[in-house]
Amino acid sequence: MRILLTGANGYIGMRLLPELIEQGHEVICAVRNRNRLSSNKELIKQVEIVEIDLLQDTATPDNIKNIDIAYYLIHSMSGNTKDFDSQEAEAAKNFNKLMAETSVKQVIYLSGMVNQDKLSKHLKSRKAVEDILYKGDYHLTVLRAAIIVGSGSSSFEIIRDLCEKLPIMITPRWVKTKCQPTAIRDVIKFLTGVIGYKECYDQSFDIGGPDILSYKEMMLKYAEVRGLKLWIFTVPVMSAKLSSHWLYFVTSTSYKLAQNLVDSMEVEVIARDNKLEKILGIKTISYKEAIEMAFHRIEQNQVISSWKDSLSSGRFKKELNKYIQIPKYGCVFDKQQKKAENPEEALDKIWAIGGLNGWYYGNWLWKIRGYLDKIAGGVGLRRGRTHPTKLAPGDSLDFWRVLLADREEKRLLLFAEMKVPGEAWLEFCIDEDDIVHQTATFRPKGLLGRLYWYSMYPFHYFIFDGMITKITTSEPKKELNN
C-alpha cells in the first residue's frame, strides 16, 4: 500500500518507518525539515519525502494525492508553549484539509487513554484531536496508549534518571496512580496490524501491556531489573508545581514536559478492554521484559530514536534551518585551528564529542555551565546524545542542537540551546591540509550579551584551546600483552 507517515522523524515515526518498509509498503515521509531524516541514508533511499508544516494551511502536494493509508503521529506536549492544545487542534484541522484532496481510505492515529471523567490538559487535547479527525472524509482508527516503554522514550528515560540517580526518594502522592504501560515493540505491532483492517475502521481501541502498575511499582520493578536498591517514601503535601520542578532538576526532561507529565500522572490510564489484542492475535510484552529489551538496545548502541531529539525538547520554537547560515556581522568569535596528527582520528573525536565522552577539556566547567543553565530554566547537559558515535541534523547534543553533520565534508555545526543573552554556534571542520578549524560564534543581544561574552572569555580561552588540542593530538595505541 501507499502510506503517508506524518511525524516521520519523531520517536514513534522513526520506529514505525523501517517496519513499514520491511512489510513492502510504499512510504511517503511527511516532515517539516527533510534534513532531519538523514540519520539512516540507506533507509531514506527507499522512501519519498515531502515537507509539510501542519500548523500552516498549505496546498496538498501532488505526490500524496494517491495514498491509501495515512498515519497521524503529530503531538506537541513537550513543546515550549502553553497553548499546545490549540496548536494540536489547528494541525488536525489542516490535516483534514490535506486529506480531502487525496484518495486516502484509512487514517491511523496514536492517542492517549481517555477513560476518566477528569482528564489532564494533555489528554483533553488528544481527545479533541481525535474528535476533529473523526470529521475527516476517511475511515479513522484510533489507538489509545498510556506510558510507552522503550529505549529513548520519555517515560523510560525519566524513570531511568530517577532510579539510577536517587536511591532514596521522597515522592508526591501521584506515584500511587495506576497506569498500564505498553512496550514500544507492541505499539508498533498494533500500528501496523490495523493497516487496511476493515473491522478496525471508525473505531477507537485502548492498547496496553499485561501489567497494571502504579508509578511507584514501575520504579521498583525497574530497580529490580537493574539490580538497584531503591527506597521510596510518599508524602501528601508535594504540590504539582513542586513535583514539576523536582522532575525537571533530577531528570533530563524539559520543564514544560515535566508540567504536563505531572498533570497527566494524576489521572489513571488503564485500558477498558484488550479487544484489539484479541482481534490481531498479539501477545503483549510485560513491563519487566520491556525494560530488559530497552537496555539490550542501549547496550548494543541500537537506539533508533529518542524523545530528546525532538525539536520540542529544546528551547526554540522556530525551525532550526533558519540558523544554519552563521552570521558574519554583529558577532564575536573564538577561532582556533591546529593540524591534526591523525585526521581520521580527529574526525572520530569530533563525531563522538559530548554525552559520556564529555568535551575533552575542562569537563567540570562544562558541567557547572550545565547546572547553571538548568537553574535558569534551560535544557542543561542531561540530554546527552542518543548514539555515542553517530550524529544527524536535528539531534540533541547536551545543550546543543546539531544543525549540520556531514562526515564526507568533515564538518559539524552545532547551535546552542542553553540560556544565553543571544545566539551561539560551535563549528568544527577539517580542511584538505588536515587542519582542524574550531569556531565559536556568538551574536549578542544588547549590552547584556556583550557583557556575557567578555565575562566568559577567560574560560573560553582555556576550554576552546584545550579542546582543539585534545581533538588534534593522536592518542598512543595500547600494546597488547603477550
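**Exercise 1. Getting your bearings**

How many helices and strands does the chain have? Then find out what share of its residues count as buried.

*Solution.* Remember as you go that you're looking at a predicted model. Start with the elements: there are 14 helices and 19 strands in the chain. Next, burial: the chain has 482 residues, and 55% of them count as buried. Finally, look at the contacts between residues at least 6 apart in sequence: 74% of these join residues at least 24 apart.

**Exercise 2. The parallel sheet**

Work out the strand order of the seven-stranded open sheet, and say which strands stand at its edges.

*Solution.* Step one is the order, which reads β3-β2-β1-β4-β5-β6-β11, with parallel pairing. Step two is the edges: β3 (48-51) and β11 (203-207) each have a single partner strand, so one side of each is left without a neighbour in the sheet. Going from one strand to the next, the twist averages 20°.

Now zoom in on a pair. β5 (residues 106-112) and β6 (residues 139-145) run parallel and are joined by seven bridges. If you pick V107, you'll find L140 of β6 standing opposite. Helix α4 (residues 121-133) packs on this sheet, where it touches β4 (69-72), β5, β6 and β11. The direction of α4 makes about 165° with that of β5.

**Exercise 3. A strand on the inside**

Why is strand β2 described as largely enclosed by the rest of the structure? Name a bridge partner for L4 too.

*Solution.* Count the buried residues, meaning those under 20% relative accessible area. In β2 (residues 26-31), five of the six residues pass that test, so the strand is largely enclosed by the rest of the structure. Then turn to the pairing: β1 (residues 2-6) runs parallel to β2, and five bridges hold the two together. One of the residues to check is L4, whose bridge partner in β2 is I28.

**Exercise 4. Two helices crossing**

Decide whether α1 is parallel or oblique to α6, and list the residues that meet.

*Solution.* Here's the general idea: two packed helices are described by the angle between their axes and the distance between the axes. The axes of α1 (residues 11-22) and α6 (residues 184-193) come within 10 Å and cross at roughly 60°. That makes α1 oblique to α6. The crossing is right-handed.

For the contact itself, α1 brings Y11, I12, R15, L16, E19 and L20, while α6 brings I184, I188, L191 and T192. Sort the residues of this contact by character and you get seven nonpolar, one polar and two charged.

**Exercise 5. The antiparallel sheet**

Trace the six-stranded sheet from edge to edge, then follow the pairings of β17 and β18.

*Solution.* The order is β14-β19-β18-β17-β16-β15, an open sheet with antiparallel pairing. At the edges you find β14 (332-339) and β15 (396-397), each pairing on one side only. Helix α14 (residues 446-472) packs on the sheet and touches β14, β18 (422-430) and β19 (435-444). The direction of α14 makes about 5° with that of β14.

Now take the pairings in turn:

- β16 (residues 400-406) and β17 (residues 411-416) run antiparallel and share six bridges; D406 has R411 of β17 as its bridge partner.
- β17 and β18 run antiparallel with five bridges; F415 has W425 of β18 as its bridge partner. A hairpin through five residues joins these two strands.
- β18 and β19 pair antiparallel over nine bridges; G422 stands opposite P444 of β19. In their hairpin, with four residues between the strands, D434 takes a positive phi near 65°.

One last step: eight of the nine residues of β18 are buried, so β18 is largely enclosed by the rest of the structure. Helix α12 (residues 343-351) has buried residues too, namely E345, A346, L347, K349, I350 and W351. These pack against β16, β17, β18, β19 and α14.

**Exercise 6. One lysine**

Which residues does K216 touch, leaving out those up to four places away in sequence?

*Solution.* First place K216: it sits in helix α7 (residues 215-226). Its relative accessible area is 26%, so K216 is partly exposed. The residues it touches are V175 and I232. Compare sequence with space for V175: this residue is 41 residues from K216 in sequence, yet their C-alpha atoms are 5.0 Å apart.

Methods: Residues are numbered from 1 along each chain as its sequence is written. This is a predicted model: local features need pLDDT of at least 70, side-chain atom pairs count only at pLDDT 80 or more; totals for chains, interfaces and linings use all residues. Side-chain values use heavy atoms; hydrogens and water are left out. Axes are lines fitted to C-alpha atoms, for helices over the stretch in contact, and angles run from 0 to 180 degrees between N-to-C directions. Angles under 35 degrees count as roughly parallel, over 145 as roughly antiparallel, 65 to 115 as roughly perpendicular and the rest as oblique. A crossing is left-handed if the near helix is turned anticlockwise from the far one by less than a right angle, and right-handed if clockwise. Contact means heavy atoms within 4.5 Å. Ala, Val, Leu, Ile, Met, Phe, Trp, Tyr, Cys and Pro count as nonpolar, Asp, Glu, Lys and Arg as charged, and the others, Gly among them, as polar. Two strands pair if DSSP finds at least two bridges between them. Buried means under 20% relative accessible area, exposed over 50%, partly exposed in between (1.4 Å probe, protein chains only).
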